[in-house]
Amino acid sequence: MPSFRVAAAHHAYPVVVERGIVAAAAKYLPDKAGRVFVVSTEDVWRHKGEALAKALDGRAHEVLFLPGTEEQKRLAPLEALAEEMVERGGDRSSVVVAFGGGIVNDMAGFLAAIFMRGIPVVQVPTTLLAQVDASIGGKTAVNLRSGKNLIGSFHPPAAVLIDPAVLDTLPDREFRSGLWEIVKAGIIRETALFDYLGQHCADVLARRPEAVDHIIAESVRMKVEVVSADEREGDLRRILNFGHTFGHALETETAYQRLVHGEAVAFGMRAATWLGEKAGYCPSPEAARIHELIRLYGPLPPLDGISANRLLALLVHDKKTLQGKVHFVLPVKVGEVAVVSEVDPALVRQAIVFALS
Ligand SMILES: NC(=O)c1ccc[n+]([C@@H]2O[C@H](COP(=O)([O-])OP(=O)(O)OC[C@H]3O[C@@H](n4cnc5c(N)ncnc54)[C@H](O)[C@@H]3O)[C@@H](O)[C@H]2O)c1
């Protein structure tokens, strides 16, 4: 199976997609690594810890647990873990292995970024969403009371090991959450992936290995290409936010309780596609193709009782708002998006109303 390489201006690292790669984890630890700290959650460790423990057999390693919920994706658990690392002999030669979903990826990555001013992290994502998105690109963060991911840093991993076999215990809703990010990859940049998703929907939803492995590899290749070209989200990387501006407002409004991340992104992609068409960026037949693919991978949970006006107000406070301007990633056609900032707020509100319906 494929192996990719992020080759950004200041960092390069392998991203390997391979069934069973967890068993080879020790091979990807940096040379001269000291004590290894596996950071996971009790839930993930119970499901999948055995394979990683076996892989690290013979290496000095410790397993530490994070609480693993979005409410506890905060700085305090990291401070506690850092204390534990020191107590267990952690030093500047230590390495973190992040083993879990996107929350673990983000938190363990940030822990590695700040422990002793920075130690390496190997990302071993265990959700589909983390495999195709969160683990690649070096963004790490925790939440503040005032908002999501508001403190963090860019801390590129030493390696990313993506093992589609670990997904077999992933609940269906979490699997579908990751699928929305793959649908996004098709819409923003990958026409062949877009077509594949349309033609093989049944195989994908049934989790047939050849279909799952194919769409993971294609999405990973896309993300590797984009972050290699734009490590710090100055330009090209912004296309990855397609669906996220609207989606993020919805997650905030529902306090991260009603929807999983991918579902919020799907809502956002519906809104952005409607807006792209009505604001004159995307021809109607192309918008219809995009809406159809989103429909195919639905349904989304009901969104009754959510106020379009409140979502509109939240958009303005998004951390991706720059100098008071909301930037929207809108489709131009299948496989191409544009980042635009001058959009009529009345039209934006209508897009929200459409996506809520
Ligand atoms: N850094 C980035 O670039 C980036 C990108 C996208 C999302 N994120 C972040 O990722 C987080 C969401 O990640 P997520 O969707 O993976 O959710 P998550 O980390 O909460 O994991 C979802 C659930 O799946 C369980 N789980 C994980 N692996 C499992 C497995 N193999 N078998 C059974 N259960 C398993 C977890 O215990 C959890 O309950 C958000 O906090 C978001 O901000 C970061």
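**Entry 1: S3 and S4**

I began with the pairing of strand S3 (residues 36-41) and S4, which run parallel over six bridges. The model I am reading is a predicted one. I looked for a residue pair across these strands and found Ser-40 opposite Phe-65 in S4. I then followed the chain from S3 through helix H1 (residues 42-55) to S4 and noted a right-handed β-α-β unit.

Next I checked the two faces of S4, which spans residues 61-66. I listed Glu-62, Leu-64 and Leu-66 on the covered face. The uncovered face holds His-61, Val-63 and Phe-65. Phe-65, the residue I had found opposite Ser-40, is thus listed on the uncovered face.

**Entry 2: S6 and its neighbours**

I moved on to strand S6 (121-125). Is S6 enclosed or open? I recorded five of its five residues as buried, so S6 is largely enclosed by the rest of the structure. I sorted its residues by side: Val-121, Gln-123 and Pro-125 lie on one, Val-122 and Val-124 on the other, and both faces are covered.

I looked up the strands that pair with S6. Strand S5 (residues 95-100) runs parallel to S6 and is joined to it by five bridges. Strand S9 (residues 159-162) is also parallel to S6, with two bridges between them. I traced Gln-123 in both directions: Ala-98 stands opposite this residue, and in S9 its bridge partner is Val-160. I also noted that S5, H3 and S6 form a right-handed β-α-β unit.

**Entry 3: Thr-126**

I placed Thr-126 in the loop between S6 and H4. Is Thr-126 buried or exposed? I read 7% relative accessibility for Thr-126, and the residue counts as buried because the cut-off is under 20%. A polar atom of its side chain lies 3.5 Å from the backbone nitrogen of Gly-101. I kept Thr-126 in mind for the next entry, as it is among the residues closest to the ligand.

**Entry 4: the ligand shell**

I counted 23 residues around the ligand. I wrote down the closest: Asp-43, Thr-126, Thr-127, Lys-148 and Thr-169. By type, the shell divides into seven nonpolar, seven polar and nine charged residues.

Which elements each supply at least two residues of the shell? I listed H1, helix H3 (102-114), helix H4 (128-134) and strand S8 (147-154).

I then went through side-chain contacts with the ligand. For Lys-148, I found a polar side-chain atom 2.7 Å from an oxygen atom of the ligand. Asn-149 also places a polar side-chain atom by a ligand oxygen, at 3.3 Å. For Thr-169, an N or O atom of the side chain is 2.7 Å from a nitrogen atom of the ligand. I took down the coverage as well: on its own the ligand has 870 Å² of accessible area, and the protein covers 86% of that.

**Entry 5: Ala-255**

I finished with Ala-255, which I located in the loop between helix H9 (244-253) and helix H10 (261-278). I read 43% relative accessibility for Ala-255 and entered it as partly exposed, because this value falls between the cut-offs of 20% and 50%. Which distance separates the C-alpha atoms of Ala-255 and Glu-70? I noted 9.7 Å, for two residues that are 185 residues apart along the chain.

Definitions and conventions:
Residues numbered from 1 in each chain as written. Predicted model: local features only at pLDDT ≥ 70, side-chain atom pairs only at ≥ 80, totals over all residues. Heavy atoms only, no water. Buried < 20%, exposed > 50% of the residue type's maximum accessible area, 1.4 Å probe, protein only. Helix = DSSP H or I, 4+ residues; strand = E, 2+ residues; numbered from the N terminus. Pairing = 2+ DSSP bridges. Right-handed = clockwise from strand over helix to strand, strands pointing away. Near = heavy atom within 4 Å. Polar contact = N/O pair within 3.5 Å; in protein donor to acceptor, adjacent residues only side chain to side chain. Areas by Shrake-Rupley, 256 points an atom, 1.4 Å probe, with all protein chains shown as cover. Nonpolar A, V, L, I, M, F, W, Y, C, P; charged D, E, K, R; others polar.
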